[in-house]
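Reader: I would like a close look at a single part of this model, namely the sheet in chain A. Could you take me through how its strands are arranged and what packs against them?

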Amino acid sequence: MSGHIPVRLHVNGQAHDLSLDPRVTLLDCLREHLGLTGTKKGCDQGACGACTVLADGERINSCLTPAVQCDGMEIVTIEAMANDELGTRVQDAFLAHDGLQCGYCTSGQICSVVAMLAEHRAGRPSAVTEDLTGPAPLTDVEIRERMAGNLCRCGAYNGIVAAIREVTRT
Amino acid sequence: MREFAYLRAADVAEAVELAGPQGKYLAGGTNLFDLMREEVERPERVVDISRLPLSAIEPLPGGGLRLGALARNAHVAADDRVRRRYPVLARALLKGASPQLRNRATVGGNLVQRTRCRYFYDLTAACNKREPGAGCDALGGFNRTHAILGASPNCVAVHPSDMCVALAALDATVNLTGPDGERSVPVTGFHLLPGGTPHVETVLRNGDLITSVDLPPERPWHGDYVKVRDRASYAFALVSLAVLLDVRHGRTVAARIALGGVAHKPWRAYSAEEQLVGAAADEAAFDRAAAAAVAEARPLDHNAFKAELARRLVRRTLVELAGQS
């Protein structure tokens, strides 16, 4: 009954014409159909953020997004960060500050940081922004709140915050 | 996940026609798609409305603001007009979910999101909401996060939204289009108490599509949205609270109090508001209001703390807001 739906996905600058069951998530599409296994499946229910990718520039949980809804969208995954100036700096900072231990959440964390910095530059507030009418300085408290959608079971949070702080200083 | 027919609508009229009485509308998918994967939701027809032109945030004649049903939670919270004129709504949205989820979740989807009661998600548990007449395992189960107000022996689930609590305090209006045309309902009357039919959660009739939410013109009050949860961020509320207060010359002129995490719907504490309006804005009045807000509370085995938590939150927030007036 589901049938297959034609979908054109632009992933890391490359167009893919696919025919997908509407039950396929963007996450499974990336990993199983396109072989891009850098994006990780953690909880598969939108609770951990390991599957974070950018869709038209915004970070989303790819596990909760039907791939057919991404028809025509520009998807950016961790695989593209090697060729991205900011993405590379974020990855280097994670290494320098031990922003990981087992590494399973890391690709989601990196994608999330890149989008989070863009959100902050665009002036978006967070739940800990005291004055909603102006730009918020990117304090450690702001960084932690803005990265709350990415869990790290190894508890590398202090290293992650330090890495982000370094990226924003350079 | 069960198979389903995936349909795309070109406009609102076609969406309503395609959905029919049994179809489900798919917007951001953050709740529906998850429930479909768990097979709690098993729609045979899913109408993808995510491309419909319903994401604008526009001024209303007379000074209000219209939020398109497909406006993303993140975009509403970041909108300059919302931040300046309806900060209680911006704060509520920002305290909900995570940045990733807020980038997908929509205004309309947030209104119709379903409870996070574990027994509702657990297909091996009895749940009247999932299967009418099956019973309620939460009633005698682990019900620490469940309702203290307005519940019934059939269902003690709570509505999980933060946004809706702020909308209830603001007296927002929900605009719908259905098979019989357009209509509007106050958000305070949009969600229903469980009674004998906990599977009927809103006034939406089969095929109704939420098209927008209207915020009334802003008024000169101080407001805040307070949320208490088990961790500092990214968790559903144990108790949350939207308060709007207008104090002039030491007297409360207007007050709105809505509680989240305590009932099957965003809970307007009208009796607490009545204790405030016209009275001196002092701690005695705030004590009376806070007590009135939870006077009808009927805690379950594991959630008596919620009534005291709600009472203290109401009192503290009123004291703080009066201090700003």
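Author: In this predicted model, the sheet of chain A is an open one made of five strands, which follow one another in the order β2-β1-β5-β3-β4 with mixed pairing. The two edges are taken by β2 (14-20) and β4 (58-61) of chain A, and because each of these has a single partner strand, one side of each is left without a neighbour in the sheet. Going from one strand to the next, the twist averages 40°.

At the β4 edge, the partner is strand β3 of chain A, residues 52-55, which runs antiparallel to β4(A) and is joined to it by four bridges. Within this pair, Leu54(A) is the residue that stands opposite Arg59(A) of β4(A). Helix α3 of chain A, which spans residues 106-121, packs on the sheet and touches these two strands, β3 and β4 of chain A, while the direction of the helix makes about 40° with that of β3(A).

For a view of a helix elsewhere in the model, one may turn to chain B, where α9, residues 163-170, is mostly covered, with eight of its eight residues buried. The buried residues of α9(B) include Met163(B), Cys164(B) and Val165(B) at the beginning of the numbered stretch, and Ala169(B) and Leu170(B) at its end. Just after α9(B) comes Asp171(B), whose phi is positive, at about 55°.

Terms used:
Residues are numbered from 1 along each chain as its sequence is written. Chains are lettered from A and ligands numbered from 1 in the order in which they are written. This is a predicted model: local features need pLDDT of at least 70, side-chain atom pairs count only at pLDDT 80 or more; totals for chains, interfaces and linings use all residues. Two strands pair if DSSP finds at least two bridges between them. Axes are lines fitted to C-alpha atoms, for helices over the stretch in contact, and angles run from 0 to 180 degrees between N-to-C directions. Two residues are in contact if their C-beta atoms, placed from the backbone, lie within 7 Å. A residue is buried if 20 or more other C-beta atoms lie within 10 Å of its own, exposed if 12 or fewer, and partly exposed in between; C-beta atoms are placed from the backbone.
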